[in-house]
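This report introduces a structure to a reader who has not met it before. Please consult the sequence and the model shown below while reading.

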Amino acid sequence: MALSPDFNDDDFNMPDFTASRVFEKVFADGMALVEETASYLDGPGRDMSQKLPREAGLTYAAWSMELTTKLMQAASWLVMQRAVRDGDMKHDDALAKKYRISRDGPPLDPSKQRGRGLPDHFLDLVENAENLFSRICRLDAAIYLAGSTGDTSPVMKQIEELKAAAEDGAFDPLRVWGRAR
């Protein structure tokens, strides 16, 4: 799905997600995962990978490259969002396709590799990275693609309902959540 060429700030009615605690949590968790993964891959993971059987070693090498790529994409997206929030980047620039993040292929499935020679810590990192990457892909779509179509996304609709309920003083997230299903 591409952004329409006439999509501009006036069409963008998403609440300032990057000013929220949710964004701060995603940002902190994402950057911590990047750091933890880098430390593991450069330290204990490097040592352990040399001791793996051939098949597990090949999987480890391929997955560690994919893991690193996804985490760098996620970290770049998070840093870009913060740059827009802080005024270091224009919102219009952030709309460019080159800054969008989406999944091109199927996610890595660590559950299928458990017990096949790969270290559990490595598989845990892969699982956490896949979860982070999926979450950021959903956030990107909700923030940037919802306004580019005539349809309101379910995420945007729910956010607007929560805002309206909060403004009315009758905030009942379970009621709003139940209606969205």
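## Terms and basis

On a 1 Å grid over the protein atoms alone, a pocket is an open set of points with protein on both sides within 12 Å along at least five of seven lines, whereas a cavity is a set of points where a 1.4 Å probe fits but cannot get out; lining residues have an atom within 4 Å of a point. Grid points are joined across faces, edges and corners, and a volume is the space filled by probe spheres set on the points.

The model is predicted, so that local features need pLDDT of at least 70 and side-chain atom pairs count only at pLDDT 80 or more, while totals for chains, interfaces and linings use all residues. Residues are numbered from 1 along each chain as its sequence is written, and side-chain values use heavy atoms, with hydrogens and water left out.

## The largest pocket

The largest pocket has a volume of about 310 Å³. Its lining consists of 17 residues, and Gln73, Ile101, Ser102, Asp104 and Phe133 lie nearest the centre. Helix H3 (residues 54-85) supplies the largest share of this lining, with seven residues; helices (H or I, at least four residues) and strands (E, at least two) are DSSP runs, numbered from the N terminus.

By residue class, the lining of the largest pocket divides into six nonpolar, five polar and six charged residues. Here Ala, Val, Leu, Ile, Met, Phe, Trp, Tyr, Cys and Pro count as nonpolar, Asp, Glu, Lys and Arg as charged, and the others, Gly among them, as polar. Lys70 lies over the face of Phe133, at 5.7 Å from the ring centre; a charge sits over a ring if NZ of Lys or CZ of Arg is within 6 Å of the ring centre and within 35 degrees of the ring normal.

## The cavity

A search of the whole structure finds one cavity of 30 Å³ or more. About 30 Å³ of space lies in this cavity, and the residues lining it are Glu55, Ala56, Thr59, Gln113 and Arg116. They divide into one nonpolar, two polar and two charged.

## Buried residues and their contacts

Met80, in helix H3, is buried at a relative accessible area of 7% (buried means under 20%, exposed over 50%, partly exposed in between, with a 1.4 Å probe and protein chains only). Not counting residues up to four places away in sequence, Met80 touches Met89, Ala94, Tyr99, Arg100 and Tyr144, where contact means heavy atoms within 4.5 Å. The C-alpha atoms of Met80 and Tyr99 are separated by 8.0 Å, although their positions lie 19 residues apart along the chain as counted from one to the other.

Asp140 belongs to helix H5 (residues 120-145) and is buried, with a relative accessible area of 2%. With the same sequence neighbours left out, Asp140 touches Trp77, Tyr99, Arg100, Ile101 and Leu145.

## Aromatic pairs

Two aromatic pairs are found in the whole structure. Phe23 and Phe27 form a tilted pair, 5.9 Å centre to centre with 45 degrees between the planes. Rings of Phe, Tyr and Trp (its six-membered ring) pair if their centres lie within 6.5 Å; planes under 30 degrees apart count as stacked, over 60 as edge-to-face and the rest as tilted. Both residues lie in helix H1 (residues 21-42), four residues apart. Phe23 is buried at 0%.

The rings of Tyr60 and Phe122 have centres 4.4 Å apart and planes at 40 degrees, so this pair is tilted. Because Tyr60 lies in helix H3 and Phe122 in helix H5, the pair ties together parts that are 62 residues apart in sequence.
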